[in-house]
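Open the model in your viewer and keep the selection tool handy. We'll take the whole chain to begin with, then stop at a few residues.

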Amino acid sequence: QVRLLESGGEIVQTGGSLRLSCAVSGRAFSSYYMGWFRQVPGKEREFLASLRRIGVDREYADYADSAKARFTISGDNTQNTVYLQMIDLKPEDTAVYFCAAGSKYPATVAQAYDYWGQGTQVTVSS
């Protein structure tokens, strides 16, 4: 059983930065591709970024247009943890942020992911 636990969400001011963490247990995260999504009430989950291993020591990251300039996804094999670094945060970034592990394609849709964390709240105050 794969379990994902997000952390790092908090209240920050506009222009601030946060690093979200997703601790993976039950299996090495490199066995899947990992994604970050966010959701606000009444809307569908929005894809932000995905990360997948290619070979032994290469990885490929993909981003939504809305995330490309300010968000960075990365992974630490030794900690079995995936991160989402966010900079220059704006009030419209306020949402619950989820990490997910998947094995289907395309990696940009929620339906491709098999496992989800419970989410972490990010609130950006103006």
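Among contacts in the chain between residues at least 6 apart in sequence, what percentage join residues at least 24 apart? It's 56%. Keep in mind as you look around that this is a predicted model.

**The whole chain**

Show everything as a cartoon. You'll find zero helices and eleven strands, so to speak a run of β after β from the N terminus on. Seen along the principal axes, the C-alpha atoms fill a box of roughly 40 × 30 × 25 Å. The radius of gyration is 14 Å, which agrees with the value near 14 Å that a compact globule of 126 residues would have.

Now switch on the surface. About 6,700 Å² is exposed, and carbon and sulfur atoms supply 48% of that area. Of the 126 residues, 40% count as buried. If you colour by charge, there are 13 positive and 13 negative charges to find, and their mean positions are 4 Å apart.

**The aromatic rings**

Next, select the aromatic side chains; the structure holds eight aromatic pairs. Start with phenylalanine 37 and tyrosine 113: the ring centres are 5.2 Å apart and the planes meet at 85 degrees, so this pair is edge-to-face. Phenylalanine 37 sits in strand S4 (residues 33–39) and tyrosine 113 in strand S10, so the pair ties together parts that are 76 residues apart in sequence. Are these two residues buried or exposed? Both phenylalanine 37 and tyrosine 113 are buried.

Widen the selection to Tyr33, Phe37, Phe47, Phe98, Tyr105, Tyr113 and Trp116, and you have a cluster linked by ring pairs.

**A cis bond**

Stay with Tyr105, a member of that cluster, and step along the backbone. The peptide bond from tyrosine 105 to proline 106 is cis, with omega near 0 degrees. Most peptide bonds are trans. Proline 106 belongs to the loop between strand S9 (95–102) and strand S10 (113–116).

**Two positive phi angles**

Where is asparagine 80? Look in the loop between strand S7 (71–76) and strand S8 (81–86). Asparagine 80 isn't a glycine, yet has a positive phi of about 50 degrees. Most residues other than glycine have a negative phi. With a relative accessible area of 16%, asparagine 80 is under the 20% cut-off, so it counts as buried.

Then jump to aspartate 88, in the loop between S8 and S9. Here, too, is a residue other than glycine with a positive phi, near 50 degrees. Aspartate 88 is partly exposed, though, at a relative accessible area of 37%.

**Last stop: alanine 23**

Select alanine 23, which you'll find in strand S3 (residues 18–25). With a relative accessibility of 35%, alanine 23 counts as partly exposed. Which residues is alanine 23 in contact with, leaving aside its neighbours within four places in sequence? They are Arg3, Leu4, Leu5, Asn80 and Thr81. Asn80 is the residue with the positive phi that you visited above. To finish, draw a distance between the C-alpha atoms of alanine 23 and tyrosine 83: the two residues are 60 apart along the chain, and the atoms are separated by 8.8 Å.

Notes: Residues are numbered from 1 along each chain as its sequence is written. This is a predicted model: local features need pLDDT of at least 70, side-chain atom pairs count only at pLDDT 80 or more; totals for chains, interfaces and linings use all residues. Side-chain values use heavy atoms; hydrogens and water are left out. Helices (H or I, at least four residues) and strands (E, at least two) are DSSP runs, numbered from the N terminus. The radius of gyration is taken over C-alpha atoms; the globule rule is 2.2 Å times the number of residues to the power 0.38. Buried means under 20% relative accessible area, exposed over 50%, partly exposed in between (1.4 Å probe, protein chains only). Contact means heavy atoms within 4.5 Å. Accessible areas come from the Shrake-Rupley method with a 1.4 Å probe; for residues, only the protein chains shown count as cover. Lys and Arg count as positive and Asp and Glu as negative; His and the chain ends are not counted. The place of a charge is taken as NZ of Lys, CZ of Arg, CG of Asp or CD of Glu. Rings of Phe, Tyr and Trp (its six-membered ring) pair if their centres lie within 6.5 Å; planes under 30 degrees apart count as stacked, over 60 as edge-to-face and the rest as tilted.
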